[in-house]
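Please look at the structure shown here and consider two topics in turn, the surroundings of the ligand and the pairing of aromatic rings.

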Amino acid sequence: MCVTCGCGIGQTLIGGYALRQQRKPGEPMRFRLHEKDALVSDVSASRIVKLEQDLLAKNNVYADTNRRYLSAHGIFALNLVSSPGSGKTTLLVKTIAALNGTPPLAVIEGDQQTENDAARIRAAGAPAIQINTGKGCHLDARMVGQAVQQLNLQDDSLLLIENVGNLVCPASFDLGEAHKVVILSVTEGEDKPLKYPDMFRAADMMLLNKCDLLPHLTFDADLAVEYAHRINPKLQVIHISATSGDGMPEWLAWIREGCRNAAAAKASLG
Ligand SMILES: Nc1nc2c(ncn2[C@@H]2O[C@H](COP(=O)(O)OP(=O)(O)OP(=O)(O)O)[C@@H](O)[C@H]2O)c(=O)[nH]1
Ligand SMILES: [Mg+2]
């Protein structure tokens with residue numbers, strides 16, 4: 001269970017397979033937050049904080065394992081996070097076409113339901129695995145670790161992870177990625193960094209997407225960037241349009257540099 005929001009992971013499917021359970025059959029779930037669950041009624045606020053810390057600590061162990069695996073294989077991994085519909089999959093499809101196989105890449109798709117996005121990625125020519133989180137609202141490091149095993153990634157490659165569309169919970173979960181990339185589209189309003197600061201604090205890169213629509217909107221791009229920098233002064237920003245291609249060269253250059261660095265770090269390990 002996600003104690004941040006109370007969502008469940010019981011229905012998670014990774015490439016159509018159920019997420020392996022850690023508890024023994026018959027053993028109760030350790031965390032219950034819904035009111036109907038008996039365990040929750042006398043859970044104190046401090047206990048909930050403790051449960052949340054335990055959950056994130058456990059996630060961090062899996063994330064560290066993922067990170068060690070990825071760095072040992074020179075794989076540059078990005079975790080794309082945003083509201084639903086900001087253009088993550090469209091950007092990935094355009095990125096796959098533009099990179100044209102160099103470096104080799106694979107995609108992990110996260111959604112509550114449907115294989116739609118994985119199908120879009122496969123149609124664009126890249127291997128993809130879909131994680132359906134059921135009632136869950138974010139990917140966690142254990143899910144990603146299992147998906148990585150199924151994907152059979154190449155050394156010195158790129159791994160692109162599209163998280164579940166949600167500007168809240170994915171901020172808290174390290175997946176072992178090199179960077180979180182937050183996508184904010186210009187139809188969402190300038191104030192999103194102020195309203196959802198955790199996500200903009202956790203990210204290293206912000207893609208301000210759908211900039212082709214700016215002439216038709218009252219969206220103030222400078223103000224959105226100012227708000228984002230108020231939350232995270234180090235946040236890099238690229239103005240981009242997945243449909244027109246504006247900003248894509250800068251985005252691709254950033255990816256290629258990350259891949260080069262990941263491969264060089266692997267080589268230096270011997
Ligand atoms: N005008 C414009 N539309 C875009 C752009 N990028 C994506 N879209 C549109 O935005 C809609 C949502 O795009 P998706 O790529 O499915 O967004 P997503 O973030 O992957 O959505 P979820 O996976 O559901 O969270 C689609 O209709 C896209 O065509 C863009 O740069 N400009
Ligand atoms: Mg998508």
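The report below takes up a predicted model, beginning with the ligand and then turning to the rings.

## The shell around ligand 1

Ligand 1 is surrounded by 19 residues, of which Lys88, Thr89, Thr90, Asp212 and Ala242 are the closest. By character, this shell divides into three nonpolar, nine polar and seven charged residues.

Several polar side chains can be placed precisely: an N or O atom in the side chain of Thr89 is 2.8 Å from an oxygen atom of ligand 1, and an N or O atom in the side chain of Asp117 is 3.0 Å from an oxygen atom of the ligand. A polar side-chain atom of Asp212, in turn, lies 2.8 Å from a nitrogen atom of ligand 1. Of the 650 Å² of accessible area that ligand 1 has on its own, the protein covers 72%. Helices α2 (88–99) and α3 (116–123) are the elements that give two or more residues to the shell, and α2 provides the largest share, three residues.

## The aromatic cluster

The count comes to two aromatic pairs. In one, the ring centres of Phe76 and Trp254 are 6.2 Å apart and the planes stand at 65°, so this pair is edge-to-face. Because Phe76 belongs to strand β3 (residues 76–82) and Trp254 to helix α8 (residues 248–269), the pair ties together parts that are 178 residues apart in sequence.

In the other, the ring centres of Trp251 and Trp254 are 5.9 Å apart with planes at 20°, so the pair is stacked. Both residues lie in helix α8, three residues apart, which is about one turn of the helix. Phe76 counts as buried at 5% relative accessibility, as do Trp254 at 12% and Trp251 at 1%. Ring pairs thus link Phe76, Trp251 and Trp254 into a cluster.

Conventions
Residues numbered from 1 in each chain as written. Chains lettered and ligands numbered in written order. Predicted model: local features only at pLDDT ≥ 70, side-chain atom pairs only at ≥ 80, totals over all residues. Heavy atoms only, no water. Near = heavy atom within 4 Å. Polar contact = N/O pair within 3.5 Å; in protein donor to acceptor, adjacent residues only side chain to side chain. Areas by Shrake-Rupley, 256 points an atom, 1.4 Å probe, with all protein chains shown as cover. Helix = DSSP H or I, 4+ residues; strand = E, 2+ residues; numbered from the N terminus. Nonpolar A, V, L, I, M, F, W, Y, C, P; charged D, E, K, R; others polar. Phe/Tyr/Trp six-rings, centres within 6.5 Å; stacked < 30°, edge-to-face > 60°. Buried < 20%, exposed > 50% of the residue type's maximum accessible area, 1.4 Å probe, protein only.
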